Amino acid sequence: MERRVVITGIGIWSCLGTTLDEVRDSLYQGKSGIVFSQERKDAGFRSALCANIKKPDLKPYLDRNQRHFMPEEAEYAYMATRAALENAKMDQDFINEHEVGIIYGNDSVAEATMNALDRFRKFKSTVMCGSGAIFQSMNSTVTMNLACIFKLRGINLTTSAACASSSHAIGLGALLIKQGLQDYVICGGAQEANMFSVASFDGIQAFSTREDAPATASRPFDRDRDGLVPGGGAATVILEDYEHAVKRGAPILGEVMGWGFSGNGDHISTPNVAGPARSLELSLQNAGVSAAEIGYINAHATSTKAGDGREAKAIAQIFGDYKVPVTSTKSQTGHEMWMAGASEMIYSMLMMKNDFIAGNINFANPDDDTKCINIVPETKEAHFDMFLSNSFGFGGTNSTLIVKNL
């Protein structure tokens, strides 16, 4: 018999805030975290738009030797995970006595890698890369750092699946718990926010150029969308076996009901409809629920022409005549990439726990592709007990999570 998987803690470091209360209020108020970066413009970016993310100070918590191995995204992930563990009432003594695992999404470490190799080329000596370079530059940098800092002895795994990375991390963590292979798994995703990490995205003209009005630049599903806006930060979700959570008196925030996934088997960057539709279909089957039981969809929609339109068609195909409320919180945050699956689960949970749906800001008019779904343009009071969250990535990787209120 499969075990139930519950969420007992959440933590986030986002352009919408660095505490759950701040993020909840920003969502409700329709606040945008997008700004214009003069630094990026001066550096040669076609689009200087980005999310405004506060730099954390780890000195009160970690010594210099620990910080030495951490690139930017690991710093965000540490702060989000620290908050999530506190939220879950899981202290270091508990972790020391139990096998707690970690599965975290990350798919690049651009700045740390670049800095190390620049020193090597400048001084013509590999020694000049620095002793922390290898640990900072590996894709698994987040899991290796957090596992050592928090002394985690369970599974230690990085999921690298483009913008579906952290959604897959949560799905895999839930699967391990369901099958009895782990009792507790820290899951999430992190995205570095420096300009070097997204220069190549800008180079293929993926970003919005609405520089005169940054807050209106990210406009998922809108007829006049002209590209995404890069974001970043980190989000952490603590997953547990239900029986263990009850036994230790943990706060139970929700239950992971289902995980669906698929591959498009098509173009490396242009999505299709069949792949996302299959991910949606499998998530419902895996959860054992009907489409009509879903009260809200947090869409992947990044504010690109092809991606938003095909996701809308996939939702319409699976949900049929049931016009489930749909928004993309990327209208406020921009595209948080490797962290998006985890952060959007947290955004959705904050809405579900506080009886509202954050509006898809900047949505004024649908186009022929996006008019087939029920997009909520402004924050509205609404009670729902189950949501679905989509995350799709380059290479045609798709992940869909369903969470129930408890």
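This section describes helix α4, the salt bridges, a nonpolar surface patch and the surroundings of N362 in a predicted model.

Helix α4 comprises residues 72-87. At 1.5 Å a residue, its 16 residues should span 22 Å, and the C-alpha atoms at its ends are 23 Å apart, in agreement with that expectation. Twelve of the 16 residues of α4 are buried, so the helix is largely enclosed by the rest of the structure. The buried set begins with the run E72, E73, A74, E75, Y76, A77, Y78, M79, A80 and T81, and is completed by A84 and L85. K89, which follows α4, has a positive phi, near 60°.

One of the buried residues of α4, E75, takes part in a salt bridge with K55, in which the closest N and O atoms are 3.3 Å apart. This pair connects distant parts of the chain, since K55 belongs to the loop between β3 (49-51) and α3 (64-67) whereas E75 belongs to helix α4, 20 residues apart. The two partners also contrast in accessibility: K55 counts as exposed, at 61% relative accessibility, while E75, at 15%, counts as buried.

Across the whole structure, 17 salt bridges are found. Side chains of opposite charge can pair when their charged atoms come close. Among these salt bridges are pairs formed within a single helix. In helix α1 (residues 20-29), R24 and D21 lie three residues apart, about one turn of the helix, and their side chains meet in a salt bridge with an N to O distance of 3.2 Å. Both members of the pair are partly exposed: R24 has a relative accessibility of 25%, and D21 has a relative accessible area of 47%.

A second intrahelical pair is found in helix α6, where the side chains of R121 and D118 meet at 2.7 Å, N to O. Because R121 and D118 are three residues apart in α6, about one helical turn separates them. R121 is exposed, with a relative accessible area of 58%, whereas D118, at 32% relative accessibility, counts as partly exposed. Salt bridges also occur as a network, in which R3, D183 and D241 are linked.

Helix α6, which covers residues 110-123, also contains F123. At 44% relative accessibility, F123 counts as partly exposed. Together with V127 and M128, F123 makes a nonpolar surface patch of about 300 Å².

N362 is located in the loop between β11 (356-357) and β12 (374-375). Although placed in a loop, N362 is buried, with a relative accessible area of 18%, which falls under the 20% cut-off for burial. The side chain of N362 approaches two backbone oxygens. A polar atom of this side chain lies 3.0 Å from the backbone oxygen of A215, and the side chain reaches the backbone oxygen of S218 at 2.8 Å. When neighbours within four places in sequence are left aside, the contacts of N362 comprise A215, T216, A217, S218, R219, D222 and S331. A215 and S218 thus appear both among these contacts and as the residues whose backbone oxygens are approached by the N362 side chain.

Notes. Residues numbered from 1 in each chain as written. Predicted model: local features only at pLDDT ≥ 70, side-chain atom pairs only at ≥ 80, totals over all residues. Heavy atoms only, no water. Patch = residues over 30% accessible without salt bridge, like charges linked within 9 Å, V, L, I, M, F, W, Y side chains within 5 Å. Areas by Shrake-Rupley, 256 points an atom, 1.4 Å probe, with all protein chains shown as cover. Salt bridge = Lys/Arg side-chain N within 4 Å of Asp/Glu carboxyl O. Helix = DSSP H or I, 4+ residues; strand = E, 2+ residues; numbered from the N terminus. Buried < 20%, exposed > 50% of the residue type's maximum accessible area, 1.4 Å probe, protein only. Expected span 1.5 Å × (residues − 1). Polar contact = N/O pair within 3.5 Å; in protein donor to acceptor, adjacent residues only side chain to side chain. Contact = heavy atoms within 4.5 Å.
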